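Work through the exercises below with the sequence and the model open. Each task is followed by a solution in steps.

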Amino acid sequence: MTLKHVNNLWDDAVAAKLDPVARLVYRSNCLGSDQRITNTGGGNTSSKISEKDPLTGQEVEVLWVKGSGGDLRTSKRENFSSLYQQKLIDLQSLYAGRSDKGLKAPAEDDMVGMYTHATFNLNPRASSIDTPLHSFLPGKHVDHMHPNAIISIAASKNCAALTKEIFGGEMDYVPWMRPGFELGLAMQEISRKNPGVKAIMMGQHGFISWDDDDKTCYLETLRFIETAAEFIEKKYAAKGGDAAAFGGAKYQSLAPEKRAEIFAAILPWLRGQVSQQKRFIGTVQDDEKILRFVNSRDAARLSELGTSCPDHFLRTKIKPLFVDWNPQAEDFAALKKKIADGLVAYRKDYAAYYEKCKHANSPAMRDPNPTVVLIPGLGMVAWGKDKSESRVTAEFYNCAVEVMRGAEAIDEYIALPQQEAFDIEYWLLEEAKLKRMPAEKELARQTVVVIGAGSGIGKEAAHRLSKEGANIVSVDLNLAAAEATAKEITDRLGQGIGVAGSGISGCGPAIGLAANITDRASIRAMLDQVALAYGGFDSICVTAGTFVPSDTTGHIPDDKWAITFSINVTGSYLVGDEAAKTWREQGLRGNLVLTTSANAVVAKKGSLAYDTSKAAANHLVRELAIELAPLVRVNGVAPATVVQGSAMFPRDRVVGSLAKYNIPYTDDETTGSLVGKLAQFYADRTLTKAPITPADQAEAYFLWITNRLGKTTGQILTVDGGLHEAFLR
Ligand SMILES: [Zn+2]
């Protein structure tokens, strides 16, 4: 069959070179790389492979199945668990002997702990909750996917009848069951009763299919999805297509520039509202598909029903917050008021859902704030603990919209019953998984703007802070330099998972932006981009500065004096003053770190403008600490003469300094050699006698940005190797 709704990525030449486990990885990557086949982190694959048992030397059948966590698109061999197939089958008699067995009963959860006992060859990967599905079905190769087209059928009121109508006898049906041992047994029963069945529709969840040949298994998975999509699209078109989707449009989208303007204005405030327990990072989606949904007549009703696939609602929560704002008739103030009222109602609803559905042993109620906010005319905002996770949240609601579109085209969309959703969300096994997660990094959930990050201390500080979990906004007058630092960070950390986010909001853990700190409008434009990218920011480090050398007579021309002050003093002030508006909107604690200098307190010949500007910067730290208290702590770092990697030490300045201090050099020496001489000269003047590096400075910015010195504001931390003449007193 020709495929229009999925892509066949299988390449025989590639597969032929691979061993059986590598073929499974290959198949998984092919499936995972098409979002229409499965969502990020969703679904799993398996192969039953004959291997030599290290204990006996005998051939034994091993189930390789995608393990817990991870993602099919990026999975490697180490993401798969390997288990003795026979031992898994033997678990059935152990389970049968339990008196407390049954769906969601203790015996079922206990079986999960037994999988570890069936581990083949000490493979440390924890096995998935879906392991019995793969083990108990007869095919040598099994694919369990969450395709939007199939979930549309799975989330339709008449799922069973539709499955029969669309797939005939090839695909059987099992109603919603929480994944686990019982679901595996139910699937085994279906395949035994009807050996002609090749796949099973899983009510409100997805589907599973199998074959004894891996390529056929892959192609069959594609064929089932294609068949479902074709059926849906035909009905969708017959009902009027996009124009009639979700009952037709109730509102119109605002123009892209207007959307960006409103998002930039509302996001930091909204971030503050949803981050009262823990901070979140935002992702904006305002493409045509999501706008069609939020603008529609049915959006309020459908979004209230909640999402269906369990994979989806673990991230999106049982339902989004739909803000019933009229983009054509109401203003910004009305939008803010409606979101605020909506949040209050949402939290109340969430608490009521928890109270209604909780069991005696349920974990405590989790954060009651929505992770998805839908606004007519504007689009969607999704929240997650980091940028990657927030993109996953957005991706999953995109999936949910596609599922509702399909289900409403062919039938009527129904969500999972609340109690079932609760029993997934608050499943003790899910709670145990959350508890097993490694502790979050010190600057996790934070976004830090580093101004001057294109080189020197700023670049080093950006790297240092990113290693502690902060998103980095690398800002520089030179856009290419800013972007280069952001790229280095993203290359090192990876883009993460989650395929979503419009424009700059689709970014990873770092972005590069240009800004001129002597221009308030330029700073505002940059901060607005930060809001669109991450939903807001927590702290700012200003490392940008300038040193304009005096002319050969030792005199500073008036224009150079003015430039020095406009960058080193006025620039820092404008950043702090403009950012303060956003900080107040957001209402979350943050830090502003300015860069002053050891020169601020030591009068010297030849650096009159610079030294005076840095003395003013020292006092600016103190003044802003008062202005921005209690929300923002303002502190300074006072470096002394970091020559290495500094944009403020071009060759002519180095030469000038060498001449000033009577250090011998020749005109044909390399810049590196000249820099080394000057750095050592400076080092010899200090108490610690070692050159000061950008890394030494970066540590000071890190200290101010964390909460380690959380009770200190209005202070300057010197990193000068020990210059007694620069001691503050
Ligand atoms: Zn699933």
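**Exercise 1.** Find which residue of E6 stands opposite Met171, and describe the pairing and the connection.

Solution. Step 1: Met171 faces Ala199 in E6. Step 2: the two strands involved are E5, residues 171-174, and E6, residues 199-202, which pair in the parallel sense over 4 bridges. Pairing requires at least two bridges found by DSSP between the strands. Helices (H or I, at least four residues) and strands (E, at least two) are DSSP runs, numbered from the N terminus. Step 3: from E5 the chain passes through helix H8 (residues 181-193) to E6, a right-handed β-α-β crossover. Right-handed means that, with the strands pointing away from the viewer, the path from the first strand over the helix to the second runs clockwise.

The model is predicted: local features need pLDDT of at least 70, side-chain atom pairs count only at pLDDT 80 or more, and totals for chains, interfaces and linings use all residues. Residues are numbered from 1 along each chain as its sequence is written, and side-chain values use heavy atoms, with hydrogens and water left out.

**Exercise 2.** Identify the donors of the zinc ion and their spacing in sequence.

Solution. Step 1: His144, His146 and His205 each coordinate the zinc ion through NE2, at 2.0 to 2.1 Å. Donors are N, O and S atoms within 2.8 Å of the metal (3.2 Å for Na, K and Ca); water is not among the atoms, so sites may look incomplete. Step 2: the spacing of the donor residues is H-x1-H-x58-H. Step 3: His144 and His146 are both buried (buried is under 20% relative accessible area, exposed over 50%, partly exposed in between, with a 1.4 Å probe and protein chains only).

**Exercise 3.** Is Arg464 buried or exposed, and which residues does Arg464 touch?

Solution. Step 1: Arg464 lies in helix H19 (residues 456-467). Step 2: Arg464 counts as buried because its relative accessibility is 18%. Step 3: leaving aside residues up to four places away in sequence, Arg464 touches Ala698, Glu699 and Phe702, where contact means heavy atoms within 4.5 Å.

**Exercise 4.** Locate the residues Leu122 and Asn662, and state the sign of phi for each.

Solution. Step 1: Leu122 is in the loop between helix H4 (106-115) and helix H5 (131-136), and has a positive phi of about 60°. Step 2: Asn662 is in the loop between helix H24 (651-660) and helix H25 (671-684), with a positive phi of about 55°. Step 3: Leu122 is exposed at 78% relative accessibility, and Asn662 is exposed at 70%.
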